[in-house]
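Work through the exercises below with the structure open beside you. Try each task before reading its solution.

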Amino acid sequence: MPFALLLGLLIFLQPSAPASAAPPEISLALGSGGAGGLAHIAMLQVFDEMEVRPARISGTSIGAVIGALYAAGLSAEEIEGIFRDFAGSKLDALTGILKSELALHDVFAVDLDDGGLIDPTAFLDFLAGHVEATRFEDLHIPLVVVATDFWSGESVIIDEGDLFVAVHASMAVPGLFDPVIRDDLLLVDGGTSKPLPFDLLLGNTDKVVAIDVSGNRRPHDDKTGVTDLLFKTFELMQQSLIREMRLRHEPDLYIKVDTNGVRLLELNRLDTILEQAQPAAEDLRQQLREWQNE
């Protein structure tokens, strides 16, 4: 047998190296938590840094806001830049007074006639002005948004139609932001029924990551005025719902971000929130690295 033919036969018979496994598809659930939910930006920075693109996103309330911007194609850095436009702003939830260089009507308008203290329309228009997507069908990443039917208390899952109407409904904290009427339903904040919607992603991808920004309470570290009691009670309810959800199902990775001391509308504390989120971001980074190397 000619040497060249023999050599070719030996090479052909050599066992081939196993093909490297494809990285797992990852879905991402972004939870409810008011201004503390700006910690989601730190989580998205990790995804961008590691060049991991979520296959699907679900979001409730602030998680719906940030999830919509990310699914529309903005980077974590660009989303951070949007919220830096509110640096120095602090909205008092009961008086509607905005203490900042921005005029009140530029961000939120007081609205006592439509079931809420504050009309977020200008805020949502500002966000919408930063993306090309206007409908779910325009998004780069599939997104589901959670609101709550006020009359039944049931979660309403929105994944089609007008994107920012859905976001408005998902963030409509009862008594603070006006509710949304959609398909004959009166919709309020999704955090009242499903504050961390990771269950909507189970079974759709290889891994599900759930980011909990519902806050923490520690004895004697917060004032206990009327506003604090009202919104901390809302947080307490959300944390109870999340615990019950995790008893039924568990995501592949659950991360609780410590946003202690951040109140519902303190968008001015972005730097503090991102700093508090760094330990959780590192946990996410380590887990994504392990999954990539499996």
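The exercises deal with one helix, one strand and one lysine.

The model is predicted, so local features need pLDDT of at least 70 and side-chain atom pairs pLDDT 80 or more, while totals for chains, interfaces and linings use all residues. Residues are numbered from 1 along each chain as its sequence is written, and side-chain values use heavy atoms, without hydrogens and water.

**Exercise 1.** Compare the expected span of helix H10 with the distance between its end C-alpha atoms.

*Solution.* Helices (H or I, at least four residues) and strands (E, at least two) are DSSP runs, numbered from the N terminus. The expected span is 1.5 Å times one less than the number of residues. H10 has 16 residues (278–293), so it should span 22 Å; its end C-alpha atoms are 23 Å apart, which agrees.

**Exercise 2.** Which faces of strand S9 are covered?

*Solution.* Buried means under 20% relative accessible area, exposed over 50%, partly exposed in between (1.4 Å probe, protein chains only). In a regular strand, side chains alternate between the two faces of the sheet. Lys207, Val209 and Ile211 lie on one side of S9, Val208, Ala210 and Asp212 on the other, and all are buried. Both faces are therefore covered.

**Exercise 3.** Which side chain of opposite charge is nearest to Lys207?

*Solution.* Lys and Arg count as positive, Asp and Glu as negative; His and the chain ends are not counted. A salt bridge needs a side-chain nitrogen of Lys or Arg within 4 Å of a carboxyl oxygen of Asp or Glu. The nearest such side chain, Glu294, is 4.5 Å from Lys207, and buried Lys207 has no salt bridge.
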